[in-house]
Amino acid sequence: MTSFESECLWHDEEQPGLAQDPLPSQADLAVVGAGFLGLTTALHAARRGMKVVVFDAGPLGGGASGVNGGQVIPGLKHDPSALIAMLGQERGEALAAFAAGTADAVFDLIRNERLSVPHNRTGWILAAHTEAAYRTVQSRAEALRKTGAAVDILDRNAVQALTGARGYHGGLIDRRAGAIQPFAYLSELVRLAASAGVVLRSRCRVTAVESDADGWSVTTSVGDLKAGKVLVATNADADALIPGLARTVLPLHSFQIATAPLRPEVAHALLPGGQAVSDTRRIVTYYRKSADCRLVLGGRGTLGVPRHAADWHHLERAALRLFPHLEALPITHRWFGRVAITLDYLPHIHEPAPGLVAVLGCQGRGIGLMTALGGRLASYLDAGDADALPLPITPIRPIPFHRFRHLGVTAALAWYRMLDGLQR
């Protein structure tokens, strides 16, 4: 069997190319990673007067930011009460307030900067696949409503009407959320950053960062740079630039498929309000309609790099479980990206040496979270104000026995997939 090359739906649309700016000899800030976090931090830092250079080892949009599902969901995996229990009253409340506004950061930026990004803000549905899960979702909705969030509980009939899918027991709708075309958003962030004076270099790998008397010496595949400060924003692709960093997260693969465009009568019944959806299964299935009326559906995949179209069959089965009438509709696109998961399901901010900062751990909510965090990080990197950060700076703590993670995660995924199959 021949090898299979995945194809991301978002990359079908022609985007402006990334100019290869000449590499300067020095900068105030060097950013490693041209994803949502790297670009938003660079943009805000440049607008604060800093001289910024952004590097990416691959092409524009080749990392997770350019291939994700496009769901913009506020909040974190933890409810506000859980954050307070984990971090204390002051820190927990501050993080909960920050997380509640992450979707605002994205849609406000699109509106205020007049970005050419297909988007909608019709909400996100968390759909319960069992009665027990529905009770948990109801409790979560009530907790969020107490904070003033625009969240409502949905019964079985309401979820079916809003999704067109079968088998759910109820759910919630978070009206603060929405969806965007992620690669278009990334391209517009590049344009904004460039207009603010940021130097952008794609296909330029940073191979080392070393401290010196003037700050940091940044070695790249095309030349060297002196930088006052360095931000490592590679997330799940954390490499050897900072010892131990890659071992603080579990990198998982998120697979996605897209169907051919739906017929008008089918499109009208499937997600008629345009909401994005995730479910409560242990191995989450998430989906939405694209701007050209395709069903785009994703979920966890193998830990290895997929080689054949069959590696996406579990998603095709999930699509037919939810929408059996789509059986004859062809799958036109299959792709995947990496997700960084921390053990506490929180993003982590590290500063292993003064002026060297690393951020990672999106937990699948990277669009809003990283966009909102970019402005805060720029403030910290420019003025050194730690109070600007919504999270404390913590030491790098590698996950014990990290080298065996593939065995453990593979076993866990197989077990969870079996349990999910038993709970219809």
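Does S379 count as buried or exposed, judged by its relative accessibility? In this predicted model, S379 has a relative accessibility of 15% and therefore counts as buried, since the cut-off for that class is under 20%. The points below begin with the surroundings of this serine, then turn to a small set of paired strands, to two loop residues with positive phi, and to salt bridges, of which a search of the whole structure finds 14.

**The setting of S379**

- S379 is part of helix α11, which covers residues 366-383, and its relative accessibility of 15% places it among the buried residues.
- When neighbours within four places in sequence are left aside, the residues in contact with S379 are R48, G384, D385 and A388.

**An open sheet and the helix packed on it**

- Three strands form an open sheet in the order β3-β8-β4, and their pairing is antiparallel.
- The edges of this sheet are held by β3 (71-72) and β4 (119-120), and each of these has a single partner strand, so one side of each is left without a neighbour in the sheet.
- Helix α5, made up of residues 102-112, packs on the sheet and touches β3, β4 and β8, while its direction makes about 50° with that of β8.
- Between β3 and strand β8 (residues 178-180), which run antiparallel, there are 2 bridges, and within this pairing V72 stands opposite G178 in β8.

**Positive phi outside glycine**

- R203, although it is not a glycine, has a positive phi of about 50°, and this residue is found in the loop that links β9 (199-201) and β10 (206-212).
- The relative accessible area of R203 is 57%, and because the exposed class begins over 50%, R203 counts as exposed.
- Y345 is another residue other than glycine with a positive phi, here near 60°, and its place is in the loop between β17 (331-341) and β18 (348-353).
- With a relative accessible area of 39%, Y345 is partly exposed, because this value falls between the 20% limit for buried residues and the 50% limit for exposed ones.

**Salt bridges and the accessibility of their partners**

- Among the 14 salt bridges found in the whole structure is the one between E188 and R191, in which the closest N and O atoms are 2.9 Å apart.
- Both E188 and R191 belong to helix α8 (residues 182-195), where they are 3 residues apart, or about one turn of the helix.
- The two partners fall into separate accessibility classes, for E188 counts as buried at 8% relative accessibility, whereas R191 is partly exposed with a relative accessible area of 40%.
- E265 forms a salt bridge with R263, with 2.8 Å between the closest N and O atoms, and in this pair both residues are exposed.
- D279 forms a salt bridge with R281, the closest N and O atoms being 3.7 Å apart, which satisfies the criterion because the cut-off is within 4 Å.
- In that pair D279 is buried, with a relative accessible area of 3%, and R281 is likewise buried, with a relative accessible area of 10%.

Methods. Residues are numbered from 1 along each chain as its sequence is written. This is a predicted model: local features need pLDDT of at least 70, side-chain atom pairs count only at pLDDT 80 or more; totals for chains, interfaces and linings use all residues. Side-chain values use heavy atoms; hydrogens and water are left out. Two strands pair if DSSP finds at least two bridges between them. Helices (H or I, at least four residues) and strands (E, at least two) are DSSP runs, numbered from the N terminus. Contact means heavy atoms within 4.5 Å. Axes are lines fitted to C-alpha atoms, for helices over the stretch in contact, and angles run from 0 to 180 degrees between N-to-C directions. Buried means under 20% relative accessible area, exposed over 50%, partly exposed in between (1.4 Å probe, protein chains only). A salt bridge is a side-chain nitrogen of Lys or Arg within 4 Å of a carboxyl oxygen of Asp or Glu.
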